[in-house]
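Let's take a walk through one chain, stopping at a small sheet and a pair of helices.

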Amino acid sequence: MVKQDLIERSPVRNFEKSLGGGVKAGEIGVIVSKKGLGKTSILVQLGIDKLLQGSSVVHVSFNQQADHVMTWYEDIFNELAKKKNLDKAAEVKAELVSKRIVLNFNQDSVKTVQVIKTIKALAEGGSKPEAVIIDGFDFSKANPESMDQMKTFAKDMKINIWYSANVEVADKGLPVALKPFEKDLDVVLYLEPKTDCIQIKALKEHNKGDYMTDLKLDVKTLLIADK
Amino acid sequence: MSIDISKMRNIGISAHIDSGKTTLSERILFYCNKIHAIHEVRGKDGVGAVMDNMELERERGITIQSASTQVQWKDYTINVIDTPGHVDFTIEVERSLRVLDGAILVLCSVGGVQSQSITVDRQLKRYHVPRIAFINKCDRTGANPLKVRMQLREKLGLNAYMMQLPIGLEDKIEGVVDLVTMKAVYFEGESGTEIRIAEIPAHLVADAKKYREELVDAASMFSDDLAEAFLEGAETEDMIHAAIRKGTLAEQFVPVFLGSAYKNKGIQNMLDGVTRYLPDPTEVKNIALDLDKNEEQVVLSCDEKSPTVALGFKLEDGKYGQLTYVRIYQGAIKKGDELYNTRAHKRFKVGRLVRMNSATMEDINEGVPGDIVALFGIECASGDTFCGGGLNYAMSSMFVPNPVIDLSITPKDKKSSDQMAKALNRFTKEDPTFHCYVDPESNQTIIQGMGELHLEVYVERMKREYNCEVETGKPQVAYREAITQRADFNYTHKKQTGGSGQYGRVAGFIEPMEDKDYEFVDAIKGGSIPNEFIPSCDKGFKESLKKGALIGFPIVGLRATINDGASHPVDSSDIAFQLAAIGGFREAYLKAKPAILEPIMKVSVEGPQEFQGNIFGLINQRRGIILSSTEDDSFTRVDAEVPLSEMFGFSTILRSSTQGKAEYSMEFARYGKVPNSVADTLIKEYEAKRRAEQK
């Protein structure tokens, strides 16, 4: 399979279709679940999808070292390349790496403003990202204004932003911890563990809310399943 | 004199530049009574620290060459190998690591784990060297040893635990709390030699209890006895020491000491840590390769009665002739012994045998297994293995990176030109990453090395030690050429004008190959090329690889296969087939879409957060790819890959755009393809140069 097919047949296409186009430029999405269900895995798959399309991606990690994040990309890319029997995998990989920047922050000392500043500095230096992925952000430590700033930033720069959050989920509607940020969030997904798979539920999707999607994660590889 | 091997330690001191490593070495020498007064590195008193025994190092305040010094601490014998801090000299560091059994990782209490600490730690891991950490400079403003401990865990992934807590910090540092004995230790007297043990100050008792519990809990992972005793609250000091030692030797535990070498605080306790937790030579598994058995691995035994196996790890050319530092792995070396240099296939007799105490030396009659001694007047290169008793072993070959930068040098006068040959001859013997050759076209002498500073230091040393002044050209990156696709050839070399003729036809293909630089495959069936001429074809290809057609640099990563050909009963010869192969290669090379490769460096820049934008900018301007950036409080570290050709003069520019507050380290990562625009320029330059030469 060549790169173009990999993009066109990626399960991410289906992911976007099921979610009203997914998270578009200027929008913010959040994936919530308990630990170990595949939040980082989905984020990395979304990142790789963008990278394959030639976009630049900034991956911000609050809880993992840069090396670990790179290993995530490496593993998921290898898994995808193997599964789809990708041509010239090494070359494609080198290309992806050159468009990806990993930022590592300590949330106790680095505020959202600083994250925005760093990404702006990168953009001024000539590496403007089209997508930003923020993993391991603790919403309980953040204040709603910081999300407003992030939203403004996303709109100004025309980038899409995906967060992951490790929070308790109520039976219905948004988790309590995300409530204060609701107006800035365009898509909120919840990973619900089922017996043989992990199913993605939309807690909020643009103007719609609370419905089960047909999107699933393979429990073994944590890849978004093909249809 | 017989030495108890279990009381011997071979240790190195590894650190980021400027974390006070040389001062620390100096203090170790002082407390072990080898030198009588304390000197500062920069030589305020004109004497200078003993370990930096080259003038140049003194001037720059950095340590370039490692010297081994033996000291006595209590009833232990410690060989201290001072390792260089600058990354451009990593071969020196790596060579020292090969002979160490344990290391002290020195960190600055303010700077913490810096870019070079990471490089150095990676090297220690590569050679499986157990280590203890020492957080130095606790007297500096902003000292925070507990933060450094966290960095050891987070950035280096070490299982680090505090062995001590500081009593007072910055200019108020008085001593440390020993978490094993649960006593306060004060270092008094003019040079901290008078140790006073007292109760822990009241305000530190709670913290001390907390950190002790953490320490013992972690140590009990390595000892069931301790774990049981700990539950009952009956743990003894010996149990704790034994458990920590076990964990440290297994590289699963790193005890953290702290103090200030400059203020004479905490060194004695750290030395106790060296003797308690780092291995003696018998506890380290050393492997040699048996050259008689196709390099089969042999485990050496640290036994005096076994045949001798020793490694010459460092050469020095002193006033008295060539001195070779040797680590004995097995057997002993006695004066008058006959040893065999397995690389040079030469026997030699051990003449004078000495032990080095940095700049002074002591004559000895015998070196025991595990020890580090120096031999006089032995003709050898560094990295050679010396064996006794008919053995033909080589110590496993050290990882030697290829040089990535070239510099042309021209002697300024006749006298210098004689001296230059002498100097180069010695440098290439001492340092396997330093190469030199004479370019047959320009007739210039070219030196090659691992970075700008690496070569600069050698140019300086020529001037100082050999009184040889040279003019240097512009540093030149060591490019490579490589093909990107398969291409066929079918070439006939024919010359039948006068005299004996030449005839040879060679057909086959060339294709790109990973991992190896060159491979020759003979796929001839039915003898269309006679067997005797097959090696001639190989030779012809090898010749072609020396100089690529694009920009005249060597070609790498190529497999040449021959599968057909023809010969003539009279006119075919070795040279005819060589020329046929060269012709075939030329025919196929451009069809195989060759590309230019350049060395890509892994660059790590570190500085205050306010300069982050500047750092990003500098890297982007240099065709760099930012891989990651880590921010924490006020510091930021940016990791990137940048082509070496863009890194010239980087230190100056970095300094000026960050007010001297940022620093960087760099090491070779890989060869990468040059972008087309740059390749076009390089090719044009090469063609212009060739045209100029032809005129």
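Which residue in β13(B) is the bridge partner of D290(B)? It's E296(B). Before going on: this is a predicted model, where local features need pLDDT of at least 70, side-chain atom pairs count only at pLDDT 80 or more, and totals for chains, interfaces and linings use all residues. Residues are numbered from 1 along each chain as its sequence is written, with chains lettered from A and ligands numbered from 1 in the order in which they are written.

That D290(B) bridge belongs to an open antiparallel sheet of 3 strands, ordered β13-β12-β24 in chain B. β13 and β24 of chain B each have a single partner strand, so one side of each is left without a neighbour in the sheet. On average, neighbouring strands here are turned by 40° against each other, direction ignored. β12 of chain B (residues 287-290) and β13(B) pair over 4 bridges; pairing takes at least two DSSP bridges.

Now for the helices, α12 and α13 of chain B:

| Helix | Residues |
|---|---|
| α12(B) | 534-545 |
| α13(B) | 574-589 |

They pack at about 45° with axes 7 Å apart, and are therefore oblique to each other (not under 35 degrees, over 145, or 65 to 115). Their contact has 8 nonpolar, 4 polar and 3 charged residues, among them F541(B) in α12(B) and F585(B) in α13(B); contact means C-beta atoms, placed from the backbone, within 7 Å.

Zooming out, chain B has 16 helices (DSSP H or I runs of at least four residues) and 38 strands (E runs of at least two).

Terms used. Axes fitted to C-alpha atoms, helices over the stretch in contact; angles between N-to-C directions. Contact = placed C-beta atoms within 7 Å. Nonpolar A, V, L, I, M, F, W, Y, C, P; charged D, E, K, R; others polar.
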